[in-house]
Amino acid sequence: MQIIQEAWVSGISTRKIERLAKSMGIEQISASQVSAVNKELDAMVDEFRNRPLQEEYPILWIDALYEKIRENGHVEHMAVLVVKGITLDGTAQILAIEPMHNESEETYRILFQNLKGRGVKRVWLCISDAHKGLQAAIRKEFIGTDARSIACAISLRMWGIVIRTSLPSSSSISGCSLMKDKLAAMQNH
């Protein structure tokens, strides 16, 4: 079944998956069975994409990658917007994986509005590349949130934020001192 699901995610049609399965010696699977298996997968994805989120995240990492995505019966090259959040207890979570036709201020605003609709109210720091549309969407949707480019993300990794929530007592890393103070305050809660 995993092969069927991977083929579906890769954009292969149910008829082609049926032929693929038969070529692998799986004779007892029809296109309707393939479709039923993939409806289960679709339900799992829908549950993930709509689950409630916490109200506050100290850090969101936001980026996009381009993948071939099945839409309306054919495969298109689309931007997949990904948001990884760090919870108040320091746990990393994937919050969103959303296919969009492109990267723009509008598509990022839709992504952030979706996060807010699922419960996110406060974000301390958004880390991303310097995409102008993304930066504008952060400023408009998460008013007052500090937005930093990838250089700050590298600095945070040097502090060990990704691995643990403890911080060194002092840091000479420029540009991220506000975040260091917020994270230190978070540890004292």
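## Helix H5 and the sheet it packs with

The buried residues of helix H5 are covered by elements that include strands E1, E4 and E5 and helix H4. This is a predicted model, in which local features need pLDDT of at least 70 and side-chain atom pairs count only at pLDDT 80 or more, while totals for chains, interfaces and linings use all residues. Residues are numbered from 1 along each chain as its sequence is written, and side-chain values use heavy atoms, with hydrogens and water left out.

Of the 10 residues of H5, 7 are buried (under 20% relative accessible area, with exposed meaning over 50% and partly exposed in between, for a 1.4 Å probe and protein chains only), so this helix is largely enclosed by the rest of the structure. The buried residues of H5 are Gly-133, Leu-134, Gln-135, Ala-136, Ala-137, Ile-138 and Glu-141.

The elements named here are DSSP runs numbered from the N terminus (helices are H or I of at least four residues, strands E of at least two).

| Element | Residues |
|---|---|
| Strand E1 | residues 56–71 |
| Strand E2 | residues 74–86 |
| Strand E3 | residues 92–100 |
| Helix H4 | residues 105–117 |
| Strand E4 | residues 122–127 |
| Helix H5 | residues 132–141 |
| Strand E5 | residues 146–148 |

The 5 strands form an open sheet in the order E3-E2-E1-E4-E5, with mixed pairing, where a pair requires at least two DSSP bridges. Strands E3 and E5 stand at the edges with a single partner strand each, so one side of each has no neighbour in the sheet. From one strand to the next the twist averages 30 degrees. E2 and E3 pair in the antiparallel sense over 8 bridges, and Val-82 stands opposite Ile-97 in E3. Helix H4 packs on this sheet, touching E1, E2 and E3, and its direction makes about 135 degrees with that of E3; axes are lines fitted to C-alpha atoms, for helices over the stretch in contact, and angles run from 0 to 180 degrees between N-to-C directions.

The largest nonpolar core (buried Ala, Val, Leu, Ile, Met, Phe, Trp, Tyr and Cys residues joined through side-chain atoms within 4.5 Å) has 22 residues, and those with the most contacts inside it are Leu-60, Ile-62, Val-83, Tyr-108, Phe-112 and Leu-115. E1, E2, E3, H4, E4 and H5 each supply at least two residues of this core. Not counting residues up to four places away in sequence, Phe-112 touches (heavy atoms within 4.5 Å) Ile-62, Leu-134, Ala-137, Ile-138, Glu-141 and Phe-142. Apart from the largest core lies another, of 5 residues, including Ile-59, Ile-86, Leu-125 and Ile-127.
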